[in-house]
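Here is a short set of questions and answers for a first look. Keep the sequence and the 3D view open as you read.

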Amino acid sequence: MKSFALVLSYLLVTGCTTGKLKYITPEGETTYACETQYTWHPSVDKYAVEYILSYCAQEVVKLGNTVADGKLLALDLSVPEPPAGEAWSFELAESMHQTGLLTDKEYGYLIAYLDLGHDKR
């Protein structure tokens, strides 16, 4: 039982990609926002986290704050167009990724894009 708990703990730690946005308010206070986590597909999850943090960074800058990691503001958050006559869904994105029609980055960005509801705009 002890071995099982160790293996499970290891899988939970290694199968998780997390991030949070550090920014400075106009008053000089350092604070954090947009803590996010994706699990079980590290090569894709890192891009989903990157998308969320970059989007969040853009939003906090609009409010007059300064983002600690300025690289987040320079990212292009565009996602590919879905195939003709279709709308993005998690299933479509997964299928296209599995067949090699989407890169890990495109797939990760699409997952975060869908999670944020950007497909509803």
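pLDDT is the predictor's confidence in each residue, on a scale from 0 to 100. It applies here since this is a predicted model.

Q: Over which residues does pLDDT stay under 50?
A: The chain averages a pLDDT of 90. Helix H1, residues 2-14, has the lowest mean pLDDT among the elements, at 46. Where pLDDT is low, the predicted coordinates should not be read in detail. The stretch with pLDDT under 50, for which the model has two contacts beyond four places in sequence, is residues 3-13.

Q: Which element has the highest mean pLDDT?
A: Of the residues, 88% score at least 70. Among the elements of the chain, the highest mean, 98, belongs to H4.

Q: Which helix gives the most to the largest nonpolar core?
A: The largest nonpolar core has 28 residues. S1, H2 (42-62), H3 (90-98) and H4 (104-115) each supply at least two of them. With nine residues, the top contributor is H2.

Q: What C-alpha span does H2 reach from first to last?
A: H2 has 21 residues. At 1.5 Å a residue, the expected span is 30 Å. The model comes close to that, reaching 30 Å.

Q: What covers the buried residues of H2?
A: The buried residues of H2 include Val44, Ala48, Tyr51, Leu53 and Val60. Polar names are there too, among them Asp45 and Ser54. Their cover includes S1, S2, strand S3 (66-67), H3 and H4.

Q: Which residue just after H2 takes a positive phi?
A: H2 spans 42-62. Just after it, a phi of about 95° is taken by glycine 64.

Q: Is histidine 97 buried or exposed?
A: Histidine 97 sits in helix H3. Beyond four places in sequence, it touches His41, Val44, Leu102, Thr103, Asp104 and Tyr107. Its relative accessible area is 14%. Buried means under 20%, so histidine 97 is buried.

Q: Which residues is threonine 25 in contact with, leaving aside its neighbours within four places in sequence?
A: Threonine 25 lies in the loop between strand S1 (16-24) and strand S2 (30-39). At 14% relative accessibility, it counts as buried. Its contacts beyond those neighbours are Thr31 and Asn65.

Q: Which prolines does tryptophan 88 touch, not counting residues up to four places away in sequence?
A: Tryptophan 88 is one of the residues with the most contacts inside the largest nonpolar core. It touches Leu110, Tyr113 and Leu114, among others. The prolines on that list are Pro80, Pro82 and Pro83.

Technical notes:
Residues numbered from 1 in each chain as written. Predicted model: local features only at pLDDT ≥ 70, side-chain atom pairs only at ≥ 80, totals over all residues. Heavy atoms only, no water. Helix = DSSP H or I, 4+ residues; strand = E, 2+ residues; numbered from the N terminus. Buried < 20%, exposed > 50% of the residue type's maximum accessible area, 1.4 Å probe, protein only. Contact = heavy atoms within 4.5 Å. Core = buried A, V, L, I, M, F, W, Y, C linked by side-chain atoms within 4.5 Å. Expected span 1.5 Å × (residues − 1).
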